[in-house]
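Work through the exercises below with the structure open. Each task is followed by a solution in steps.

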Amino acid sequence: MIVKIDNLSHDMRGITRIDNKVTFIDNTLPGEIVNTKLTKQKKDINEGKVLSFVEQSLDRVKPICPYYNVCGGCNISHIDYLKSVIYKKEIVKDIIKKYSDLDINPDIIYDNNIYNYRNKITLKINNGKLSLVGENKVNIDYCYLVNDNINKIIQLLNGTHLELVDEVIIKGTNEIMVIINGTVDEKEVINILRDDVTSIIVNDNKIYGKDYITIKVKDYIYAIYPNSFFQVNTGMISKLYDKVLEYAGDGKLLLDLYCGAGTIGIYLSQNFSRIIGIEVNKDAVVSANINKKINGINNIEFICNKSSDIEIIGDVLIVDPPRNGLDKITINKIINSSINKIVYVSCNPITLARDLKVLKEKYDLDEITLFDMFPNTNHVECVCLLKLK
Ligand SMILES: C[S@@+](CC[C@H](N)C(=O)[O-])C[C@H]1O[C@@H](n2cnc3c(N)ncnc32)[C@H](O)[C@@H]1O
């Protein structure tokens with residue numbers, strides 16, 4: 001059937017109406033007219049795919065990746081990059097209005113490195129070769145989202161025997177760590193990779209090189225262990241953290257909840273007399289303490305605990321939770337605390353909006369800035385400044 005796409009969904013799929021039901025059609029843009037076939041018919045919604053285009057949008061470009069549409073990684077690379085940034089901004093405005101009834105007009109910060117920006121990839125094995133993680137197990141030799149040091153490792157590993165391997169994670173920028181889970185000929189892997197990697201981990205055991213790799217962000221060097229979180233877009237990290245620094249300002253005590261490897265607290269360490277970082281993952285806390293040492297920071301301490309288990313104290317609070325946002329206990333503790341200023345860093349505008357709806361009882365949303373940390377994907381990072389009313 002022939003339909004016209006009206007707008008974009010929050011995950012950047014085209015939306016039309018068929019039989020009065022909202023219908024999502026992948027890889028389409030507002031204004032496009034497409035010949036579509038329904039692939040799923042549920043109670044409230046349909047899903048469809050494009051059979052052919054009758055009229056294409058001027059915002060459409062040809063994706064450069066041969067695995068586009070199969071992998072799901074660079075899932076919006078059919079949109080002109082600058083237009084995609086405008087769409088993201090409009091989507092976040094809509095989400096915040098819809099779920100927290102707040103009107104916002106954020107800036108969105110981005111840079112020119114829209115390909116090869118990622119410092120991490122997770123791959124599976126299919127027929128003895130590295131393949132993408134999604135439903136479609138396509139073997140790959142190159143990913144346009146990761147940096148070329150990682151791409152080199154993908155090509156080298158494809159020349160080894162990977163038949164009994166379950167998963168491979170490659171991370172880093174200048175220093176590269178390869179994590180292999182499954183059965184592999186360790187000598188063969190070391191021989192092939194030794195000139196190009198800093199660390200090789202097989203089934204949680206280091207078989208070559210250092211325990212961790214490092215990534216430099218402005219004046220700071222950060223250690224990354226196999227299981228610790230690190231922002232994936234290396235080039236954009238300092239832009240994001242500079243905004244967190246600007247919003248946080250200065251003061252006596254900074255509480256950094258969900259602190260990961262302590263990266264934000266360390267970046268802000270000159271502006272506060274004392275910083276406490278809270279993180280549930282033990283490996284991340286080990287990384288945070290190494291980072292404290294490497295960077296010679298003395299006014300920061302890290303506590304391995306759940307955010308919901310600690311008392312909310314300090315002048316300024318930073319929260320940077322995972323995609324599911326703040327839990328009920330933590331948000332209630334924040335509402336009942338005497339914190340003056342909150343900087344909320346979020347990779348999921350929907351849970352951010354849900355949390356802002358609660359926080360706005362006591363705090364004004366003073367400013368919000370978006371960061372395109374994930375070009376060519378439908379994801380976006382948000383940084384909010386909230387001030388006590
Ligand atoms: C989005 S990452 C942020 C890390 C860090 N702020 C950064 O910029 O690299 C979220 C972190 O929250 C941690 N985390 C998840 N649930 C938590 C909880 N209930 N309490 C404390 N930390 C938690 C995760 O282990 C992860 O390191």
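**Exercise 1. Surroundings of one helix residue**

Task: State which residues Ile350 is in contact with, leaving aside its neighbours within four places in sequence, and decide whether Ile350 is buried, exposed or partly exposed.

Solution. Ile350 is in contact with His10, Ile95 and Tyr99, once neighbours within four places in sequence are set aside. The model is a predicted one. Next, place the residue: Ile350 belongs to helix α8, residues 349–359. Then take the count, which is 18 other C-beta atoms within 10 Å of Ile350. Burial needs 20 or more and exposure 12 or fewer. Ile350 is therefore partly exposed. As a last step, take Gly260, which is 90 residues away from Ile350 along the chain; their C-alpha atoms are separated by 22 Å.

**Exercise 2. The shell around the ligand**

Task: Find which residues come nearest to the ligand, and how the shell divides into nonpolar, polar and charged residues.

Solution. Start with the 19 residues around the ligand: Tyr258, Gly260, Val280, Asn281 and Asp320 come nearest. The elements that contribute two or more residues to this shell are α5 (263–267) and β17 (272–279). Now sort the shell by residue type: 11 are nonpolar, 5 polar and 3 charged.

**Exercise 3. Domains**

Task: List the domains of the protein chain and give the separation between the centres of domain 1 and domain 3.

Solution. The domain assignment gives domain 1 as 2–60, domain 2 as 85–112 + 235–388, and domain 3 as 120–214. Taken over C-alpha atoms, the centres of domain 1 and domain 3 are 37 Å apart.

**Exercise 4. The sheet of 6 strands**

Task: Write the strand order of the open sheet of 6 strands, then trace the pairing of β3 with β2 and with β4.

Solution. The order is β1-β5-β6-β4-β3-β2, and the pairing is mixed. β1 (2–4) and β2 are the edge strands; each has a single partner strand, so one side of each has no neighbour in the sheet.

Step one, β2 with β3: strand β2 (residues 7–8) pairs antiparallel with strand β3 (residues 14–18) over 2 bridges. Asn7 stands opposite Ile15, and Leu8 stands opposite Gly14. The two strands form a hairpin with 5 residues between them, and in its turn Met12 has a positive phi of about 65°.

Step two, β3 with β4: strand β4 (residues 21–25) runs antiparallel to β3, and 5 bridges join them. Val22 in β4 is the bridge partner of Arg17. This hairpin has 2 residues between the strands, and Asp19 takes a positive phi near 50°.

**Exercise 5. The sheet of 8 strands**

Task: Write the order of the open sheet of 8 strands and identify which strands stand at its edges. Then describe the pairing of β22 with β20 and with β21.

Solution. The order reads β7-β21-β22-β20-β19-β16-β17-β18, with mixed pairing. β7 (107–109) and β18 (300–304) stand at the edges; each has a single partner strand, so one side of each lacks a neighbour in the sheet. From one strand to the next, the twist averages 20°.

Now turn to β22. Strand β20 (residues 341–346) is joined to β22 by 6 bridges and runs antiparallel to it; Tyr344 stands opposite Cys384 in β22. Strand β21 (residues 363–371) is also antiparallel to β22, with 8 bridges, and Leu370 has Cys382 as its bridge partner in β22. Strand β22 itself, residues 381–388, is mostly covered, with 6 of its 8 residues buried.

**Exercise 6. Two asparagines with positive phi**

Task: For Asn127 and Asn376, decide whether each is buried or exposed.

Solution. Most residues other than glycine have a negative phi. Asn127 has a positive phi near 50°, and Asn376 has a positive phi near 70°.

Locate them first. Asn127 is in the loop between β8 (120–126) and β9 (129–131), while Asn376 is in the loop between β21 and β22.

Then apply the cut-offs of 20 or more for buried and 12 or fewer for exposed. Asn127 has 9 other C-beta atoms within 10 Å, so Asn127 is exposed. Asn376 has 24 C-beta neighbours inside 10 Å and therefore counts as buried.

Definitions and conventions. Residues are numbered from 1 along each chain as its sequence is written. This is a predicted model: local features need pLDDT of at least 70, side-chain atom pairs count only at pLDDT 80 or more; totals for chains, interfaces and linings use all residues. A residue is near a molecule or strand if its C-beta atom, placed from the backbone, lies within 6 Å of it. Helices (H or I, at least four residues) and strands (E, at least two) are DSSP runs, numbered from the N terminus. Ala, Val, Leu, Ile, Met, Phe, Trp, Tyr, Cys and Pro count as nonpolar, Asp, Glu, Lys and Arg as charged, and the others, Gly among them, as polar. Domain bounds come from an automatic or database domain assignment. Two strands pair if DSSP finds at least two bridges between them. Axes are lines fitted to C-alpha atoms, for helices over the stretch in contact, and angles run from 0 to 180 degrees between N-to-C directions. Two residues are in contact if their C-beta atoms, placed from the backbone, lie within 7 Å.
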